[in-house]
Each structure stands twice: as structure tokens, then as C-alpha cells.
Amino acid sequence: MKEVKNKFGEGILYQERDLKGNIYATSAACMSVWSDLLSFANKYKERFVTEPVKADTIVVLGCQVTDLAVLNDLEVAKKLHQKTGKDIFMGGCLAQRMDIPLPSYIKRLDVVREIGIPLNDRSLVNYEKPFWVPDFEDSEDNLKDGNLFRNYYPLKIGAGCHGKCKYCTIRHTRGDNYALVAESQIDEFLNHEHVVLTSDSPTVLQVKSWCKIAKKCNKEISIRNIEPQNLIQCREELLDLAYNGLLDIVHCPVQSFDEELLRVMNRNVEATKQAVLLLHELKDNGVITATNIIIDYTVDGKLYKNHDKEKLAENFNYYSWNPYFDGNFDMERAKTRFKKYIVKR
């Protein structure tokens, strides 16, 4: 363990060496965070068990993108604590949020990853069902709610983001940034099917390099979480892949179509507009396009509902939404908002 101080406060972060004996791990976080621990698990797979009652150590990977996600993280940890009586190591982005109080049985776990390790066994770290889809069912259909990329191989190409969007804290919660050279992962790419480039924010160089590799190898590829300003710089390469039937899914988080709101978010307005046009063109050429939007964004008392479903359907095959979270976690408010936004239909 070590004492740390970050923008959220001070506290103790436990380290990889503090994980003793057999480990049961589950992820309530994004694919990028999940694949981090998967890399460690695949290097030390003899230590990982699939039943929590057989574990000496239990790890939950948590998300803090909204208070709804935090509430879900805590619920997952609580159930495992009640089932086993053991303390829980909370990893992922939530661990770094020193300003969000955690129950006494939860210990904050630093980022645990082994860079460059193939994720041959993805069952080593359980992948929680998406809480925002109340009646979620696993499906081979990528367009069924909650299933986008769920069955794909996450080719972990890097971590971290240098963006400065006002609503986001990823640059402070994802540990050390890194970006792998594409050519170093060609064998991993060839040895797995349904590959999706996985990072918090793929770089232009990485995407261009992977487009070149996919075309040379005549193998389909997908891209997750590429920012609009990076997407448009890869226009030529992406369209070329699409024309050759080698671009499966492109996920680009546009967050909003509202120019005023994009400025409020500190997002690149022109890049977003160009990205939407490019994504529409890719969609017309057989590529599955996906995005994220933020709804009910509120600043200085002004509410931006951001519910342009018609425009979303026109440009995207799939979209996910997040209700705006101001970063100040309050348990009772989170419970109220959960009932408002996550309703069984």
C-alpha cells in the first residue's frame, strides 16, 4: 500500500503486491478498465478463481463516470462482502476518487495491469451486466442494448486521455498513460477474432497504423472510443477500410449535437460536426456506427436536455447515454436519480 495525494484528496492505495492468495475479480467498469486487470489475470491465471467463496482476495473494478455508476459499484461490492465476509479491493476509476467515501470494508486498489499480455482467457475477470439495461440479456447481436463489443476481443493498445472536457476526470483516474506501437501487436491481432482497439482514447497514429495493418492482413477490425478530433484525421484510412469491407464497428463519443453545449463542455465543435458527417458516410458504407451522449447537462442553472433521438438514429446504429453528473457524490441523491433514470419497462 502507499499514501497518495491527487486532485480529489489524500488516501491509501493498495498495490498489486497486496493481493494475496487466490483472487476473484469482477468488473463493473468499462472495457478499458476490465482489460487492464485481464492482462494481469492472464499472466497469473493460476491465481484466479471463478467463484468468490473460493477466493482469498476479492477485487471489484468500479466506474465513476456518473453517480449511478458509483452506486452500482458499491452495490456489487456490498453483495460480495455479504456473501463472503471478506474485505473488497475496489479498483478502476472509483479507487482514485478520494472524495467519494467508501464503506470500511472496501480498500482502494491502484491500477493493476501487465502491458502487452494477450487476453486469451477473458473468463478470468467476470464482466458485470450493464446496470443501465434493466432487462439485459447476453446476445450475439451487437445492437441489442448493452451488448456493443461485449463479445469482442479487446486489443489493449493503451490507456489514459489528454483531453480536458469539463465533465470528465479520466485523465486523473486511469494511472500512467501509455500507447503501444501497433506493429508490436500484430500476432495478437491475427490470433483473435472480432478485435476491437481498446483504449481510453486511441491516438491518430495508432488508428492509422491499425487501418494499414488490417488492410494488409485483410482482416476486419473495430475501433472503440475514438474522439471526434482524432476520427476526422483518419478519414482517408477509415473510408478505405470501409470500402474494402474491413471496418466493422466505429464507436466515437460525440456527447452532443448542440454547438452551445459542446462549447460549455469544452469540446471541439467543428471536429464534432465533421465527425458526425464522417460517421454518417461510414454508416452508408456498411459500418456499424456507435456513440455516447450526455443528457440533462446542467450548468449555471441552465438545463440542456440533449435528446435528439431523430439525429441519433440518422447517424448511428447504436447509442448509449449518461445523465450529467457534477462530480459531487451524494448517496441519497444517487438513489433518487437511479430510480429516475434506470426504470424497468
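Biologist: How many bridges join strand β14 (residues 288-295) to β17, and what makes two strands a pair?

Modeller: Six bridges join β14 to β17, and these strands run parallel. Two strands pair if DSSP finds at least two bridges between them, so six bridges satisfy the definition. Within this pairing, Ile294 has Asn322 of β17 as its bridge partner. The model is predicted: local features need pLDDT of at least 70, side-chain atom pairs count only at pLDDT 80 or more, and totals for chains, interfaces and linings use all residues. Residues are numbered from 1 along each chain as its sequence is written, and side-chain values use heavy atoms, with hydrogens and water left out.

Biologist: What makes β8 and β17 the edges of the sheet?

Modeller: The open sheet has six strands in the order β8-β11-β12-β13-β14-β17, with parallel pairing. Strands β8 (153-156) and β17 (318-323) each have a single partner strand, so one side of each is left without a neighbour in the sheet. With direction ignored, neighbouring strands of this sheet are turned by 20° against each other on average; the axes are lines fitted to C-alpha atoms (for helices over the stretch in contact), and angles run from 0 to 180 degrees between N-to-C directions.

Biologist: Why does β12 count as a strand and α6 as a helix?

Modeller: Both are DSSP runs numbered from the N terminus, where a helix (H or I) needs at least four residues and a strand (E) at least two. Strand β12 covers residues 221-223, and helix α6 covers residues 204-217. Each therefore meets its minimum length.

Biologist: Which strands does β11 pair with, and over how many bridges?

Modeller: β11 pairs with β8 in the parallel sense over four bridges, and two bridges join β11 to β12, again running parallel. At the β8 side, Lys156 stands opposite Thr198 in β11; at the β12 side, Leu197 stands opposite Ile223.

Biologist: Why is the unit of β11, helix α6 and β12 called right-handed?

Modeller: A crossover is right-handed if, with the strands pointing away from the viewer, the path from the first strand over the helix to the second runs clockwise. The β-α-β unit of β11, α6 and β12 is assigned this handedness.

Biologist: Which way do the side chains of β11 point?

Modeller: Val195 and Leu197 point one way from β11 (residues 195-198), Val196 and Thr198 point the other way, and all are buried. In a regular strand the side chains alternate between the two faces of the sheet.

Biologist: Why is Gln15 called buried, Glu260 partly exposed and Lys79 exposed?

Modeller: Buried means under 20% relative accessible area, exposed over 50%, and partly exposed in between (1.4 Å probe, protein chains only). Gln15, in the loop between β2 (9-13) and β3 (23-27), has 13% and is therefore buried. Glu260, in helix α9 (residues 259-264), has 39% and therefore counts as partly exposed. Lys79, in helix α2 (residues 67-84), has 54% and therefore counts as exposed.

Biologist: What joins the side chains of Glu260 and Tyr304?

Modeller: A polar contact of 2.8 Å joins them. The definition asks for a pair of N or O atoms within 3.5 Å; within protein, one must be able to donate a hydrogen and the other to accept it, and residues adjacent in sequence count only if both atoms are side-chain atoms. Glu260 and Tyr304 are 44 residues apart along the chain, and their C-alpha atoms are separated by 9.5 Å.

Biologist: What makes a set of residues a nonpolar core?

Modeller: A nonpolar core is a set of buried Ala, Val, Leu, Ile, Met, Phe, Trp, Tyr and Cys residues joined through side-chain atoms within 4.5 Å. The largest has 74 residues, and Trp210 is among those with the most contacts inside it. Helix α1 (residues 31-43) gives the most to this core, with seven residues. Apart from it lies another core of 22 residues, including Leu71 and Phe325.

Biologist: What is notable about the phi of Phe149 and of Asp296?

Modeller: Most residues other than glycine have a negative phi, and most peptide bonds are trans. Phe149 has a positive phi of about 70°, and Asp296 has one of about 55°. Phe149 lies in the loop between β7 (126-127) and β8, and Asp296 in the loop between β14 and β15 (297-299). At 3% relative accessible area Phe149 is buried, and Asp296 likewise counts as buried at 11%.
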